[in-house]
Structure formats: C-alpha cells, structure tokens
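Subject: Structure handover

Hello,

I am passing on the structure we spoke about. Please have a look at it first, and then read the notes underneath.

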Amino acid sequence: MKLIFIGPPGSGKGTQAKRLAVRHEIPHISTGDMLREAIADGTELGRQAAPIMAQGALVSDDLMVGIIRDRMAKSDAVKGFILDGFPRTVVQAEKLDGIVGNGSDPLRVLQLLVPDEAIVKRISLRRTCAGCGAIYHLENNPPAVDSLCDRCGAEVIARPDDNETAVRTRLEAFHRQTLPVATFYKAKNVLREVDGIGPVDEVFERIEKSLV
Ligand code: ADP
Ligand code: ZN
C-alpha cells in the first residue's frame with residue numbers, strides 16, 4: 001500500500017498514520033518528524049529548518065524533495081509506505097510522481113476533513129513526547145503519569161510550533177498551498193475523503209473502511 005495522508009495541522013494525521021503503519025506493516029514516513037529529528041541532532045538541515053518551522057511556514061520544496069528522494073531509496077519503502085506531511089505543495093506532488101510514480105501499486109490519497117474551528121482548540125491541548133514523538137491530548141488521551149510519556153518515560157511537552165500564532169500561519173499555509181494538492185489528486189481519481197471528527201478509534205475505522 002502506498003498511501004499519502006493529507007489533512008490540516010492537528011487533524012490527527014500523525015496519530016492515524018502511525019496506527020495504519022503498524023496494522024499494515026509498512027513504514028510511517030513523517031517529514032515533520034524527520035525535520036524535528038534533524039533539529040534535535042543539530043544537523044545542517046535542522047539548522048535551516050528550525051526557524052521556518054517555529055514560524056509555522058513551509059520549508060522549501062527543493063529541500064523537502066531531496067529528503068523524500070533519499071528516504072524512498074531505502075529498502076523498507078519498496079513494499080509500501082504511509083507519507084505524512086508530504087506532499088504539501090503541488091510542486092512536491094509533481095516531483096513525487098517522478099520518484100514513486102511508475103510502480104505497480106498506485107498511490108492512494110486520503111484526506112482527513114477537520115474544520116478550522118476544531119483545529120486551534122485541538123492543538124492547544126496537544127502534547128508530544130520529546131523522546132519518542134508519541135502524541136497526547138490533555139483531555140482525550142493524557143499520559144498516565146503527569147507530563148511523562150507512557151511509552152518511554154521522557155518529558156511530554158507542547159511543540160514549539162503549537163502556539164496560537166504559528167498554528168494560524170500553518171492553517172493558512174494548509175489552505176493556500178496544501179488544499180491544491182488534494183485537488184491535484186482528485187483530478188487523478190485517487191483521492192478519498194474521510195471525516196476526521198470524533199474519537200481516534202472511530203476515525204481509524206472510517207479510514208480502514210475507505211481503503212478497501
Ligand atoms: P502539522 O501537520 O501538525 O502542521 P508536521 O509535523 O507535519 O505538522 O510539520 C511541521 C512543520 O514541518 C511544518 O509546519 C513545516 O514547517 C515543516 N514541514 C513538514 N513537512 C513539510 C513539507 N512537505 N514541505 C514543507 N515544509 C514541511
Ligand atoms: Zn515517549
């Protein structure tokens with residue numbers, strides 16, 4: 001299965017993509033996670049991406065396409081993958097075609113629908129593990145022990161780009177630059193839309209159903 005996830009920030013893409021990857025035994029490729037790792041490791045890429053991400057703006061297409069090209073060349077991506085956070089612009093979508101477009105498995109694209117009003121509220125309660133990237137929600141899915149990750153015990157914090165100003169910028173980037181990507185795939189008849197409102201398990205069931 002070669003699956004692309006599209007959805008606004010805070011739509012639950014990351015949470016759902018991680019589950020799907022486990023269920024279908026294919027790698028979850030999150031460009032956001034890869035960039036955050038680069039920042040944590042202090043690499044040149046991380047140094048370039050950090051200020052852009054903190055603002056909520058998009059990293060350049062050239063940089064992102066290079067990252068994906070390298071990642072897709074690894075052997076675990078041959079069987080299939082779930083792309084979370086890429087492509088985020090039409091230019092990226094066109095470039096992706098050139099990277100994975102001619103395999104036997106067609107690309108499938110899933111768009112999670114969540115209205116803007118729900119986003120800002122969700123993200124303000126989102127917390128992320130600084131160690132393993134696990135995602136929590138202070139109301140719906142809090143860590144068992146205050147501020148500590150259930151899985152790895154590291155500290156659970158708010159992402160630096162989860163502040164209100166950056167969230168608004170991210171939403172704007174989504175509308176202006178990423179929604180056209182959904183239109184791009186709709187025209188190719190590979191887009192499926194799934195309602196992203198409701199408990200994580202319910203949304204997961206909807207996603208699974210939409211994929212059969
Ligand atoms: P979210 O979907 O919740 O906004 P992500 O973790 O997917 O968060 O991405 C965080 C940030 O990483 C983005 O706001 C952007 O700055 C950068 N980023 C991730 N993927 C891309 C991409 N494909 N193109 C450009 N920037 C990206
Ligand atoms: Zn953790």
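The notes below go through the findings by region.

Please keep in mind that this is a predicted model.

Metal site

The zinc ion (ligand 2) is held by four cysteine sulfurs: the SG atoms of Cys129, Cys132, Cys149 and Cys152 coordinate the ion at 2.3 to 2.4 Å. Along the chain, these donor residues follow the spacing C-x2-C-x16-C-x2-C. What is the arrangement of the four donor atoms around the zinc ion? The angles they subtend run from 96 to 116°, so the arrangement is tetrahedral; the cut-off for this is that all angles lie between 85 and 135 degrees. As for accessibility, Cys149 is buried, with a relative accessible area of 5%, whereas Cys152 counts as partly exposed at 41%.

The antiparallel sheet

Strands S6, S5 and S7 make up an open sheet, in the order S6-S5-S7, with antiparallel pairing. S6 and S7 are the edge strands, since each of them pairs on one side only. S5 covers residues 126–129 and is joined to S6 by three bridges. One pair to look at is Arg127 with Tyr136, its bridge partner in S6. Cys129, one of the zinc donors, falls within the residue range of S5.

Between S6 (135–137) and S7 (156–157) there is a loop that holds Ser147. The phi of Ser147 is near 65°, which is positive although the residue is not glycine. Ser147 counts as partly exposed, at 37% relative accessibility.

Strand S3 and its partners

S3 spans residues 81–84, and its side chains alternate: Phe81 and Leu83 point one way, Ile82 and Asp84 the other, and all are buried. Which strands does S3 pair with? S1 (residues 2–6) runs parallel to S3 and is joined to it by four bridges. Here Phe5 stands opposite Asp84. S2 (residues 28–30) also pairs with S3 in the parallel sense, over three bridges. In that pairing His28 has Ile82 of S3 as its bridge partner.

In general, strands of a sheet pair through backbone hydrogen bonds, either parallel or antiparallel.

Backbone points to check

Most residues other than glycine have a negative phi, and most peptide bonds are trans. Besides Ser147, whose positive phi is given above, two further places deserve a mention.

Glu25 is a residue other than glycine with a positive phi, near 55°. Its place is the loop between helix H1 (13–24) and S2. Is Glu25 buried or exposed? Glu25 is exposed, with a relative accessible area of 63%.

The other place is the peptide bond from Phe86 to Pro87, which is cis, with omega near -5°. Pro87 is in the loop that lies between S3 and helix H5 (90–100).

A helix pair

Helix H2 (residues 31–41) and helix H4 (residues 61–72) have axes that come within 11 Å and cross at roughly 100°. H2 is therefore roughly perpendicular to H4. Which residues make the contact? On the H2 side they are Thr31, Met34 and Leu35, and on the H4 side Met64, Ile67, Ile68 and Arg71.

Regards

Notes: Residues numbered from 1 in each chain as written. Chains lettered and ligands numbered in written order. Predicted model: local features only at pLDDT ≥ 70, side-chain atom pairs only at ≥ 80, totals over all residues. Heavy atoms only, no water. Buried < 20%, exposed > 50% of the residue type's maximum accessible area, 1.4 Å probe, protein only. Helix = DSSP H or I, 4+ residues; strand = E, 2+ residues; numbered from the N terminus. Pairing = 2+ DSSP bridges. Donors = N, O, S within 2.8 Å, 3.2 Å for Na, K, Ca; no water. Tetrahedral: all angles 85-135°; square planar, octahedral: opposite > 155°, others 65-115°. Axes fitted to C-alpha atoms, helices over the stretch in contact; angles between N-to-C directions. Parallel < 35°, antiparallel > 145°, perpendicular 65-115°, else oblique. Contact = heavy atoms within 4.5 Å.
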